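Trainee: I would like a close look at a single part of this model. Could you walk me through the cavity and then place it among its surroundings?

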Amino acid sequence: MIYNSPRGTSDYFGESIKYIDFIIKTSKDLFKLYNYSEIITPHFEYTEVFSRGIGENSDIVKKEMYTFLDKKGRSLTLRPEGTASVVRAVVERKLYSENLPLKLFYIGNMFRYEKPQKGRMREFKQIGIEAIGSDNPAIDAEAIWLLHNLFDNLGFKNLVLYINSIGCSECRRNYIKLLEEYLKPYNEQLCDDCKNRIGKNTLRVFDCKIQTCKNILANAPKISNYLCESCRKHLKDVFSILDILDIKYVHNENLVRGFDYYTRTIFEIISKDIDSTQNALGGGGRYDYLIKEFGGPELSSIGFAIGLERTMLLMQELGIRLKEDENNLLSAYLISMSNEFNSYIFKILKFLRKNKIICDSNFNIKNISKEIKFAKLNGYSHILIIGEDEFNNNLITIKDLNNYTQMKISWLDEKNKLLNLFKNPDYK
Ligand code: HAM
């Protein structure tokens, strides 16, 4: 092979397209129910959108961005996530002047230069929401409910919702000082990454997977004990609404997330069915200062994103079957015994497609039993055979591939019988 796809990218076809379509359709249907409308932003932005939005000291900005200069020497970056782009668009287009909270969703490809492994790619798809302009804990609870509802509708069972609060800038500043004090005596024992995080992105030490660091952090002070009164109340209110909604969650006091923009509520949804470090199917949180940082008004906001590939992989692994679209269940495969009959074949195809019946034709038959096998394998419910007799007398031979019964109908007088057959499987 001369050409391979770049490391960390994938091609999608066949079965995976069905999963992608299903996940997108399920998400869009649900977003509509929660009154979210779609926003589409560019795949690349000026680099500052992400370096300032996500934070200069985050892993994403430091190590994972696809950044390049365009022909005029401007620094552009392929978007590593959707939130900063959406916020840029909301501020630039003054979308916040509409009714608040402004509820937006997006679906699109993201790019991160990460070390590829199962469920971790360099180009991947996210489905996300952002609710702009409300600091009410009810909107946090509603976003978490929506995330949970989404995986529920996709057919997942063993989900865990982790929730934590990392406080506002005030309580976080005090807490980080305390944490840094606590870590000082352990400095030599910490891994190089953690040593580097201290002072720049100290909270991220909680993300470290190295056992020595984990042991040190086990006894570290927890941010939940140092939240200010208002942040403490905010989290409590989120929890009580989730209780009303009967949504189970775990207050994970070690949860931190990789973006500097987060404040207060952060959350992740994981599946208990996979034992992997890459098991977060989705995650999000509140960001109360980001709109202002982008030059907009002070507008508290919250959002989340899920990874489409991770979701699809796990659905396939767990054997979660797709709920078939009922309109797509029945379909016809036309077998033409000769090229001479093409005009007749096209008439039938036109009629079926106009009536939204999925159909196709081989146009040029080689072996009828092979064609029947092909139709069966490809999920067609019926084959329509056009041979000499059918062509000359305007007939169609129909074979039901479920029970192999066969009948002949007249094209001129019994067209509707054909439609009924596909719309109602019991019709004989
Ligand atoms: P995130 O946790 O970085 O959050 O990404 C959200 C989801 O995207 C992850 O849970 C995971 O399923 C998927 N994901 C992330 N990186 C990769 C990768 N390299 N390969 C495959 N899937 C991946 C955000 O991006 C935030 N913008 C979410 C948010 C929205 N917060 C507020 N609003």
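Mentor: Happy to! Let me start with the wider layout: in this predicted model, the domain assignment splits the chain into domain 1, covering 15-168 + 228-317, and domain 2, covering 326-423. The C-alpha centres of domain 1 and domain 2 are 47 Å apart.

Now to the cavity itself. The structure has one cavity of 30 Å³ or more, and the largest cavity encloses about 40 Å³ of space. Its lining draws on several stretches of the chain: Asn164 and Ile166, then Tyr175, then Leu203 and Phe206, then Ile223, and finally Glu253, Asn254, Leu255 and Val256. By class, seven of these lining residues are nonpolar, two are polar and one is charged. The charged one is Glu253, while Asn164 and Asn254 make up the polar pair.

A few helices are worth viewing alongside. Helix 5, residues 137-154, packs against helix 9, residues 229-244, with the axes 8 Å apart and an angle of about 45° between them. Helix 5 and helix 9 are therefore oblique to each other, and their crossing is right-handed. Helix 5 also has helix 1, residues 15-33, as a partner: the two axes come within 10 Å and cross at roughly 135°. That angle makes helix 1 oblique to helix 5 as well, and helix 1 passes helix 5 in a right-handed crossing.

How values were computed
Residues numbered from 1 in each chain as written. Predicted model: local features only at pLDDT ≥ 70, side-chain atom pairs only at ≥ 80, totals over all residues. Heavy atoms only, no water. 1 Å grid on protein atoms, 1.4 Å probe; cavity = no way out; pocket = protein on both sides within 12 Å on 5 of 7 lines; lining within 4 Å. Points joined across faces, edges and corners; volume = space filled by probe spheres on them. Domains from an automatic or database assignment. Axes fitted to C-alpha atoms, helices over the stretch in contact; angles between N-to-C directions. Helix = DSSP H or I, 4+ residues; strand = E, 2+ residues; numbered from the N terminus. Parallel < 35°, antiparallel > 145°, perpendicular 65-115°, else oblique. Left-handed = near helix turned anticlockwise from the far one by under 90°.
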